[in-house]
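Student: Please pick one part of this model and take me through it closely. Then show me how it sits in the rest of the chain.

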Amino acid sequence: MVTLDNVSKTYGQETAVAPLSLTVASEQTTVLIGPSGSGKSTLLRLMIGLITPDAGQVTFDGQPLTPATVQDARHRMGYVIQEGGLFPHLSARRNVTLLARHLGWSEDRIAARVEELTDLVQLAPDRLAQRPDDLSGGQRQRVSLMRALMLDPAVLLLDEPLGALDPLIRADLQGDLRAIFQELQKTVVLVTHNMHEAAYFGDVIVLLRQGQIVQQGPLQALLETPSEPFVTAFIQAQRHTLLSSDGAA
Ligand code: ADP
Ligand code: MG
């Protein structure tokens, strides 16, 4: 569905992504994890074509991402960032429906889809009239998720979607998110720096360091056959988050 072939990206002297190749497994949840600055967000932005690689090729659905294809590809990928990225001056409903309106969907079709999504993400319908600032952090992220899902994208990209939430709300939304992923059977790429979250969501875990993939595979493989000491050190350092029982870390 999404592949990166020898993709690299630098900012001045800073290597955000070293040449790396990655095939995102279809209809599974791939978790990108690694220390701060390891290139996780940059990888997501490359996948959705918000930035272009210095070298290498990103493909979506077998098609190279180019200026000619990126717009269409973006309509088939949903993207959620940590702070939600909602427009503050628009109601939640307007935020969710903006792109569908732009694409000329009928009012009936929009209303039906909004109702479906409100139900899916378990948002109280009266919240849709509110502006983002009048919603709680958890509600904002539910609205962001609705917006990302509005066009029923094939791929969902989530950049630390729970990172800004306090622990109880975070645990709540974690459970709902996983249920939603399972129900939708979508290809999901989720960024986190929290090992508990990686274990909770990830069919495949991709561990990054300094713009490179250190190891990828199921959590079990990282635990049992680490490719190098860094893998074990990274997991050990986060052991408390793995063992935390409330899932909030
Ligand atoms: P992560 O999401 O894993 O914390 P990022 O992908 O945001 O990491 O960043 C990877 C590296 O690239 C960091 O060193 C960061 O400073 C650098 N970087 C990312 N985006 C930019 C940018 N727009 N301008 C300059 N440097 C950037
Ligand atoms: Mg980041």
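Tutor: What follows starts with one sheet and then moves outward.

Some ground rules come before the details. This is a predicted model, in which local features need pLDDT of at least 70 and side-chain atom pairs count only at pLDDT 80 or more, while totals for chains, interfaces and linings use all residues. Residues are numbered from 1 along each chain as its sequence is written, chains are lettered from A and ligands numbered from 1 in the order in which they are written, and side-chain values use heavy atoms, with hydrogens and water left out.

Now the sheet. Four strands form an open sheet, and their order is β2-β1-β4-β5. The pairing is antiparallel. At the edges are β2 (14-24) and β5 (63-64), each of which pairs on one side only. Strands here are DSSP runs of E, at least two residues long; helices are runs of H or I, at least four long; both are numbered from the N terminus. Two strands pair if DSSP finds at least two bridges between them. Strands of a sheet pair through backbone hydrogen bonds, either parallel or antiparallel.

Take one edge. Strand β1 (residues 2-11) pairs with β2 over seven bridges, in the antiparallel sense. One residue to find is T3: its bridge partner in β2 is T23. Two residues lie between the strands of this hairpin, and G12 there takes a positive phi near 60°.

Follow the chain past β2. In the loop between β2 and β3 (29-33) you meet E27. E27 is not a glycine, yet it has a positive phi of about 55°. Most residues other than glycine have a negative phi, and most peptide bonds are trans. E27 is exposed because its relative accessible area is 54%. The cut-offs are simple: buried is under 20% relative accessible area, exposed is over 50%, and partly exposed is in between (1.4 Å probe, protein chains only).

Go to the other edge. Strand β4 (residues 55-60) and β5 pair antiparallel over two bridges. T59 has P64 of β5 as its bridge partner. Q63 is also in β5. With a relative accessible area of 44%, Q63 is partly exposed. Leaving out residues up to four places away in sequence, Q63 touches V58 and T69. Touching, or contact, means heavy atoms within 4.5 Å. Compare Q63 with P53: they are ten residues apart in sequence and 15 Å apart in space, C-alpha to C-alpha.

Side chains link this region too. D54 and K9 meet in a salt bridge at 3.8 Å, N to O. D54 lies in the loop between α1 (40-47) and β4, and K9 lies in β1, so the pair ties together parts that are 45 residues apart in sequence. A salt bridge here is a side-chain nitrogen of Lys or Arg within 4 Å of a carboxyl oxygen of Asp or Glu. K9 is buried, with a relative accessible area of 12%. D54 is partly exposed, at 45%. The structure holds twelve salt bridges.

Now step away from the sheet, to helix α5 (residues 137-149). This helix has 13 residues and spans 18 Å from first C-alpha to last, close to the 18 Å expected at 1.5 Å a residue. That expected span is 1.5 Å times one less than the number of residues. Its buried residues include G138, V143, L145 and L149. Among the elements that cover the buried residues of α5 are β6 (77-80), α3 (92-102) and β7 (155-159).

Look at N95, in helix α3. N95 is buried, at 1% relative accessibility. Its contacts, not counting residues up to four places away in sequence, are L86, F87, L90, P132 and R147.

Finish with the whole chain. The protein has ten helices and ten strands. Buried residues are 49% of its 249 residues. Among contacts between residues at least 6 apart in sequence, 66% join residues at least 24 apart. The C-alpha atoms fill a box of roughly 55 × 45 × 30 Å, taken along the principal axes. A compact globule of 249 residues would have a radius of gyration near 18 Å, and the protein agrees, with 18 Å. That radius is taken over C-alpha atoms, and the globule rule is 2.2 Å times the number of residues to the power 0.38.
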